[in-house]
Amino acid sequence: MIVRQFISWIRHAPAGERAEATRALARAFLISDLTPDDRAAAEGALLMMLDDVSAQVRQAMAQVFCRSAQAPAAIVRALAADQPSVALPVLEFSPLLIDADLVDIVATGGDQVQCAVARRVRLPAAVCAAIAEVGTAAAALELIENPHAELAPFSWDRIVERHGHLAAIRESMLVLDGLPAATRLALVSKLSDTLQQFVVARGWLPADRAARATTDALDRSTVAVAARSRGDDLSALMRHLRATSQLTAGLILRALLSGNLELFECALVELSGLPQARVAALLHERGPGLTALLARAGLPETTHPAFRAALEALHEIGFVGSDVNAARLRRLMVERVLTRCETGADAAAPLLILLRRFATESAREDASAFCGELIADHAVRRPDLIAA
């Protein structure tokens, strides 16, 4: 009887009153002890209200039904496909939308719709993948900041590929502790490309010098990222570097001259295809097998003397460092390798040029560190001068 009266009255009521009446009927559907006939009649009336010309009416239903598992599924699906002002609370909270619904909504919806889906609690991997693949940058940012999103590694990579040039995306991802090393490095690469294009466009550096500076900076970042990686994460990073043609002799030599024997070993495992234990044994022996290992890894023969000299210097000098200075070249090692290669008869010019660049870089880094220590020491001794 009440539902019939509602249907009769609703035809001529103002929009605001229709919205409040619809809200009351929706609440009654959820919490009142209705008979089966009354429940069916109420659902029919609510379905009819989906065609109301006023968005207020549909918004009222969406606000009541958005968090309920007992809401009529047909009404929830219809509200989810409505205009954003109606659909957003349903998209963000309704437990009645299945993965397939959400994937389709992401594929066909706009920015606001995608962002609402990206904020959902317990967002499954399939929906995350859809947002990573076709979502806007704003939706990707919501996804990154959603602690309940189940992002697969390939989804992380897709976000980097599509939106990694945006500072907000990079900053949100780089602060995450569990971000895979390969994804972290891909973000750094995006930043390097952006900076390189900016510097060249402003005319601050020629394109070739900007490219070299970018490559050097990216190599330093790679060594730093690798130093914080272990096990499968480090192996995945090596695969990423090889797939992107970044696992070069220059990068591997830099890692070794930075004291990162683990990265050097993992790179040779990736390039040679030999088991890790076998590669470790060959590196420890440093005999004829080392030359065969370097050749099998595809490293140019002209670089073999430098790798040999670096391994000898590393074993003689030893190295105890930290992740903080993991990307810094060890000046003493660089100078020993450079001296050995300069006095060798078979040293190639490109190798000598690279080692001299390393020597200059390590000297400048040591000087900068030394000056920083002097300033810090002076600040401790004479805080009155610093305050003045």
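**Entry 1: T303**

I take contact to mean heavy atoms within 4.5 Å. The model I consulted is a predicted one.

With that meaning of contact, I looked up the partners of T303. Leaving out residues up to four places away in sequence, I found that T303 touches A249 and L351. I located T303 in the loop between α19 (288–296) and α20 (304–317). I then asked whether T303 is buried or exposed. Its relative accessibility is 12%, and because buried means under 20%, T303 counts as buried. I also noted that the side chain of T303 reaches the backbone oxygen of P300 at 2.6 Å. Finally, I looked up a separation along the chain and in space: T303 and G372 are 69 residues apart in sequence, and their C-alpha atoms are separated by 34 Å.

**Entry 2: T22**

I turned next to T22, which I found in helix α2, residues 15–31. I recorded a relative accessibility of 0% for T22, so this residue counts as buried. Setting aside neighbours within four places in sequence, I listed the contacts of T22 as F6, L46, M49, V57 and M61. For M61 I also looked up the spacing: its C-alpha atom and that of T22 are separated by 6.7 Å, with their positions 39 residues apart along the chain.

**Entry 3: S272**

I placed S272 in helix α17, which covers residues 261–272. At a relative accessibility of 7%, S272 counts as buried. I noted that a polar atom of the S272 side chain lies 3.2 Å from the backbone nitrogen of L274. Which residues does S272 contact, once its neighbours within four places in sequence are left aside? I found V279, L293, R296 and A297.

**Entry 4: Cysteines**

I wished to know how many disulfides a search of the whole structure finds. The search finds 0. As background, a disulfide is a covalent bond between the sulfur atoms of two cysteines. I looked up the accessibility of two cysteines. C266 has a relative accessible area of 13% and is therefore buried. C341 has a relative accessible area of 3% and is likewise buried.

**Entry 5: Helices α5 and α6**

I recorded that two packed helices are described by the angle between their axes and the distance between the axes. For helix α5 (residues 73–80) and helix α6 (residues 84–93), I read an angle of about 120° and axes 7 Å apart. This makes α5 oblique to α6. In the contact I listed V76, L79 and A80 from α5, which meet V86, A87, V90 and L91 from α6. I then sorted the residues of this contact by class and found 7 nonpolar, no polar and no charged.

**Entry 6: Helices α4 and α6**

I then looked up how α6 packs with helix α4, residues 55–65. The angle is about 5°, and the axes are 9 Å apart. Because angles under 35 degrees count as roughly parallel, α4 is roughly parallel to α6. From α4, I listed A55, R58, Q59 and A62 in the contact, and from α6, S85, V86, P89 and V90. By class, I recorded 5 nonpolar, 2 polar and 1 charged residues for the contact of α4 with α6. I noted that V86 and V90 of α6 appear in the contact with α5 and also in the contact with α4.

Conventions
Residues numbered from 1 in each chain as written. Predicted model: local features only at pLDDT ≥ 70, side-chain atom pairs only at ≥ 80, totals over all residues. Heavy atoms only, no water. Axes fitted to C-alpha atoms, helices over the stretch in contact; angles between N-to-C directions. Helix = DSSP H or I, 4+ residues; strand = E, 2+ residues; numbered from the N terminus. Parallel < 35°, antiparallel > 145°, perpendicular 65-115°, else oblique. Nonpolar A, V, L, I, M, F, W, Y, C, P; charged D, E, K, R; others polar. Buried < 20%, exposed > 50% of the residue type's maximum accessible area, 1.4 Å probe, protein only. Polar contact = N/O pair within 3.5 Å; in protein donor to acceptor, adjacent residues only side chain to side chain. Disulfide = S-S within 2.5 Å.
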